[in-house]
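Here is a chain to go through by question and answer. Please keep the model open while reading.

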Amino acid sequence: MSIDKSFLSRAAFLVWVICAAQTAFVLSDLWPYSKASRLYQHALETLTTFAIVAIAAATWRSLLTHCENRETITCAKLVALGVLFCAFGDLVNFNLFQHGYRYDPLIKHDYLIDSIYVFSIGYGLILLSSYSFLKRLAITHRQIFAVVLMVSSVTLLSYAQMRLPDTGPYVSTLAGFYALLVAQCASVAVLLLLKAAKSGAPKRYYLLVIGLLLATLADALIGQFWLFGNQGQGYFPLIRTVNWFIYISSSLLIIQLPWVFQWLIISERQAVNAQIETLTNG
């Protein structure tokens, strides 16, 4: 059975509305995050994050059935696998066993470090999925290098500012590595913006850019206010709630990448056909 793009878009919007409602209930204290409610909230969040995986997988299946371009199909597969690994990272971050101070006596929420192992794979796959798209936009390696260098420099300066001086090497190294990795989502967003004016891009193109920027923002908030904030105690659970909404919003926009890739392929074919028709008529 084929699932069309509009149905998946509506499904993604419904997931976002549910996440927004949960966030509003938590922040307004109508359903505060507490020992009594956290398991129920985690259950809803598990459904939310795996709904994103399901939408991404359905996108892959739809393109596999109806799209002839192998790069687009590969992009959809990588995005689906990427959000799947991120979903497992979410489960780790739920900290169901209430761990703390396991790796560093200064960092209460150092269980976040455990999730880096799976989140790194997830975002690595998402970044890999964007590479063919960047090549199709005729973005050069020199442009990629320049933007990555700029974004990485800003990230390292930001990380040096947020990291607590006495943090141990294990937490410092992994958190720094992950900050650099997720920051490359912003690099891809900047590169896409550089080409946006010339590409006549649709709304989904800009939604993808916003999603990539939000991914970097979500990670920055975790580092600044959850992992290292409040002298290692974190501003918990407020930052958890705010970050969850930004992260889910980001994921729902990032999974639009395969559809944007498909638009690019179709646009290229239409341009070639128009040139052929012009030459033929001329």
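The turns below cover confidence, fold, and two residues.

This is a predicted model, in which local features need pLDDT of at least 70, side-chain atom pairs count only at pLDDT 80 or more, and totals for chains, interfaces and linings use all residues. Residues are numbered from 1 along each chain as its sequence is written, and side-chain values use heavy atoms, with hydrogens and water left out.

Me: Where in the chain is confidence lowest?
Reply: pLDDT is the predictor's confidence in each residue, from 0 to 100. Its mean over the chain is 92. Helix 8 (residues 238-254) has the highest value, 97, and the lowest, a mean of 76, belongs to helix 9 (residues 257-281).

Me: How many helices and strands are there in the chain?
Reply: Both are DSSP runs numbered from the N terminus, helices being H or I with at least four residues and strands E with at least two. From the N terminus on, every element in the run is α. The count is 9 helices and 0 strands.

Me: Is Thr49 buried or exposed?
Reply: Thr49 lies in helix 2 (residues 38-66). Buried means under 20% relative accessible area, exposed over 50%, and partly exposed in between (1.4 Å probe, protein chains only). Because its relative accessibility is 3%, Thr49 is buried.

Me: Which residues does Thr49 touch?
Reply: Contact means heavy atoms within 4.5 Å. Leaving out residues up to four places away in sequence, Thr49 touches Ala87, Asp90, Trp244 and Tyr247.

Me: What does Val17 count as?
Reply: Val17 sits in helix 1 (residues 5-27). Its relative accessibility is 35%, so Val17 counts as partly exposed.
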